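Student: I have a structure open and would like to go through it. Can we take it question by question?

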Amino acid sequence: MKTLQRGLLALCLSALAAAASTDARAQKLTIATVNNGDMIRMQKLTDDFTAKNPGITLEWVTMEENVLRQKVTTDIATRGGQYDVMTIGTYEVPIWAKQNWLVALDDLGADYDVDDLLPAIRNGLSVDGTLYAAPFYGESSMVMYRTDLFRRAGLNMPAEPSWDFIADAARKITDKSAGIYGICLRGKAGWGENTAFITATANSFGARWFDMNWRPQFDSPQWKNTLQFYVDLLNDAGPPGASSNGFNENLALFQSGKCGMWVDATVAASFVTNPAESTVADKVGFALAPDNGLGKRGNWLWAWSLAIPAGSEKRDAAKAFIAWATSKDYLELVAGKEGWANVPPGTRTSLYKNPAYLRAAPFAKMTLNSIRAADPTRPTVDPVPYVGVQFVAIPEFQGIGTEVGQQFSAALAGRTSVDQALRNAQNLTERAMKRGGYLK
Amino acid sequence: MTRAATVQRKLAFTVIGWSVGLLLFFPILWTLLTSFKTEGAAIQLPPKFLWFDWTLENYFEIQRRSDYLKHALNSGILSVGSTVLGLVVAVPAAWAMAFSPTRHTKNILMWMLSTKMLPPVAALVPMYLLFRDFGLLDTRGGLLAVLMLVNLPIIVWMLFTYFKEIPGEILEAARMDGADAAREIIYILAPMATPGIASTLLLNIILAWNEAFWTLNLTAADAAPLSAFIASYSSPEGLFWAKLSAASTLAIAPILVMGWFSQKQLVRGLTFGAVK
């Protein structure tokens with residue numbers, strides 16, 4: 001009996017000791033990040049930061065994007081203080097900054113050169129002119145296409161193509177018997193997957209999510225044109241099972257030579273031109289995302305950025321880290337170790353004036369032009385009450401965006417008609433907006 | 001004739017048994033094979049089964065990027081610790097309900113089980129706030145308590161059914177000989193229910209090892225077990241299947257080996273008694 005009591009006591013003490021041991025965290029920054037190539041590269045270069053900042057150690061917590069979003073949202077909303085630096089996107093920054101959940105980054109040091117940040121990216125990460133997250137890498141979307149297939153079909157890709165040209169070319173290139181599909185586009189349901197792509201496309205068709213009174217607009221002819229065009233195009237010239245393809249599935253298809261064109265994130269350019277991964281590395285050309293002659297292109301804007309949650313007690317150390325990771329010197333550091341083609345793109349104007357970078361990255365100019373062409377405050381033809389190009393920066397959007405994406409995906413898979421999918425999208429969005437108090 | 005029919009039946013059962021076994025094992029086998037492919041080969045269409053360029057690069061990359069041993073140690077401590085803690089609480093509880101039932105015993109058992117019906121995410125924010133206020137976020141101590149509580153209903157239920165198989169007269173005889181409640185549990189009940197306790201222990205270690213909601217949401221760096229280790233190898237932008245497969249293989253290997261060695265006890269415990 002005594003042995004049992006002693007055992008229980010030892011068990012309780014060890015549990016307490018385990019709980020207490022994690023309190024010894026002097027200036028240890030816990031950084032939550034996603035498992036993207038540029039982030040992993042930053043982790044490998046940590047020694048440079050710790051050498052310049054003795055007394056600060058870094059603990060990386062790498063997570064899948066959805067897990068990261070769930071964890072950091074819980075932590076920041078409850079002021080849990082588990083993380084000192086968080087990797088978040090352009091969707092979260094305006095919402096969280098308005099809630100006072102983020103520390104303002106208006107004092108990153110004299111050397112930081114905040115004016116060098118690309119204006120479109122900086123605006124997307126600022127609220128009332130104050131920067132709340134520093135961009136680590138930025139991206140837009142563009143057309144990647146197979147130069148060999150275009151040549152063979154006698155086609156010439158314009159630098160600024162229209163959707164009509166893209167649709168026509170996709171149908172001409174398609175050779176289903178040879179396993180070549182004219183175009184690969186996102187079809188997998190999710191606010192960050194097909195909804196992002198279709199929303200950006202809808203902008204170029206003149207559609208918008210809400211009018212100035214927050215009334216959903218899925219019953220407009222512009223949305224009907226957008227979704228009908230998308231469904232018809234993928235049915236005629238897309239790969240089988242397109243309704244379950246997201247970024248990675250399309251990347252795999254393009255790299256294995258199955259897609260004639262792919263309209264997606266500019267960050268994919270470095271993957272599809274990498275001979276170690278791609279079978280078509282030397283046969284890829286780039287063009288701006290298509291338009292419809294309405295003055296808006298179907299490209300989006302996103303920046304993975306570093307921010308400090310208001311619950312962090314190590315703000316100065318966290319700011320020192322953010323200033324290091326998003327500085328010009330960091331770009332030089334990556335270039336020195338891994339070459340200019342591998343520096344995180346899309347954040348600083350000076351990078352696009354650097355001849356060494358422009359030589360090493362054939363997609364650099366297109367990336368810059370795509371980012372410049374996106375305006376989060378005026379994403380589409382008509383005025384809108386929200387900020388965001390491929391999303392609507394309101395807390396409800398994650399839920400609505402995914403539900404609407406499910407409707408679009410069902411229309412693509414043929415489980416419902418385009419008209420029914422839009423009716424359902426209109427109804428569910430109206431319901432959510434009434435619940436959220438936007439609509440009476 | 002009868003002999004031929006028996007052989008045929010045996011053959012049919014063997015074929016069905018192997019087919020089901022291979023079907024269940026195939027995802028694990030595919031994960032293992034993918035972990036030895038390059039990222040390009042992992043997404044190749046049509047996929048290659050065995051004839052590809054085998055590489056250990058994914059395992060080396062994981063060793064470079066992550067501290068596998070720290071995560072594995074956390075998983076071990078959390079799964080074994082929470083199960084042992086759970087048994088310490090559940091054995092007396094199940095004993096009381098099995099041998100001194102009242103008219104509310106059934107209701108209590110159902111109520112305990114009903115806690116498993118609540119979606120965990122519904123309790124996330126209150127739990128997170130409690131953890132924050134008690135300083136338990138990202139600590140093994142806090143997670144031990146949560147995992148123990150999460151699995152407690154299953155442990156109690158399993159032990160209760162095993163204990164019900166033991167004749168109450170044996171315990172009465174021990175009482176006649178002057179054994180108090182503790183001695184009765186430790187010296188009479190526990191040895192008789194060893195197969196049941198062993199299988200409960202093993203099954204709950206596996207459940208706690210695989211738990212991925214609380215272990216992901218309540219940890220960051222220090223107490224993160226292998227579930228967090230796997231989650232770090234999925235990527236929204238970039239190919240990751242080979243590395244993710246290598247991480248999964250490393251994460252499931254210890255528990256798979258444990259299950260393999262203890263399958264006799266597991267099966268015996270799960271089929272213990274005449275009515276199961």
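Student: Which residues of helix α16 of chain A are buried?

Tutor: Keep in mind that this is a predicted model. Helix α16 of chain A covers residues 364-373. Buried means under 20% relative accessible area. The residues of α16 that count as buried are Ala364(A), Met366(A), Thr367(A), Leu368(A), Ser370(A) and Ile371(A).

Student: What do the buried residues of α16(A) pack against?

Tutor: Both helices and strands of chain A take part. The helices are α6 (119-124) and α15 (355-360). The strands are β6 (134-146), β9 (284-288) and β10 (301-307).

Student: Strand β9 leads me to Asp291(A). Is Asp291(A) buried or exposed?

Tutor: Asp291(A) sits in the loop between β9 and β10 of chain A. Its relative accessibility is 15%. The cut-off for buried is under 20%, so Asp291(A) counts as buried.

Student: Which residues is Asp291(A) in contact with, leaving aside neighbours within four places in sequence?

Tutor: Two of the partners are basic by name, Lys296(A) and Arg297(A). Ser204(A) is another partner. The rest of the list is Pro161(A), Ser162(A) and Trp163(A).

Student: Now Glu193(A). Where does Glu193(A) lie, and is it buried or exposed?

Tutor: Glu193(A) lies in the loop between β7 (181-184) and α9 (194-204) of chain A. Its relative accessible area is 19%. Buried requires under 20%, so Glu193(A) is buried.

Student: Which backbone nitrogen does the side chain of Glu193(A) reach?

Tutor: Not counting residues up to four places away in sequence, Glu193(A) touches Arg186(A), Lys188(A), Gly246(A) and Phe247(A). For one of these, the side chain of Glu193(A) reaches a backbone atom at 3.3 Å. That atom is the backbone nitrogen of Phe247(A).

Student: How many disulfides are there over all chains, and which cysteines form a disulfide?

Tutor: A disulfide is a covalent bond between the sulfur atoms of two cysteines. The sulfur atoms of the pair here are 2.0 Å apart, and the cut-off is 2.5 Å. The count over all chains is one disulfide, formed by Cys184(A) and Cys259(A).

Student: How many residues apart are Cys184(A) and Cys259(A)?

Tutor: The pair links distant parts of the chain. Cys184(A) is in strand β7 of chain A, and Cys259(A) is in strand β8 (residues 259-265). Both cysteines are buried. In sequence they are 75 residues apart.

Student: Is the disulfide of Cys184(A) and Cys259(A) left-handed or right-handed?

Tutor: Look at the torsion about the S-S bond. Its value is about -85°. The disulfide is therefore left-handed.

Student: Next, Glu59(A). Which residues of chain B is Glu59(A) in contact with?

Tutor: Glu59(A) has its place in strand β2 (residues 57-63) of chain A. Leaving aside neighbours within four places in sequence, its contacts in chain A are Lys28(A), Leu29(A), Thr30(A) and Ile31(A). Its contacts in chain B are Lys70(B), Ala221(B) and Asp222(B).

Student: How many helices and strands does chain B have?

Tutor: Read along the sequence, chain B follows the pattern α-α-α-α-α-α-α-α-α-α-α-α-α-α. Its C-alpha trace spans about 75 × 70 × 30 Å along the principal axes. The secondary structure comes to 14 helices and zero strands.

Student: How far apart do the centres of the positive and negative side chains of chain B lie?

Tutor: Chain B has 20 positive and 16 negative side chains. Each set has its own centre. The two centres lie 10 Å apart.

Terms used. Residues are numbered from 1 along each chain as its sequence is written. Chains are lettered from A and ligands numbered from 1 in the order in which they are written. This is a predicted model: local features need pLDDT of at least 70, side-chain atom pairs count only at pLDDT 80 or more; totals for chains, interfaces and linings use all residues. Side-chain values use heavy atoms; hydrogens and water are left out. Helices (H or I, at least four residues) and strands (E, at least two) are DSSP runs, numbered from the N terminus. Buried means under 20% relative accessible area, exposed over 50%, partly exposed in between (1.4 Å probe, protein chains only). A polar contact is a pair of N or O atoms within 3.5 Å; within protein, one must be able to donate a hydrogen and the other to accept it, and residues adjacent in sequence count only if both atoms are side-chain atoms. Contact means heavy atoms within 4.5 Å. Lys and Arg count as positive and Asp and Glu as negative; His and the chain ends are not counted. The place of a charge is taken as NZ of Lys, CZ of Arg, CG of Asp or CD of Glu.
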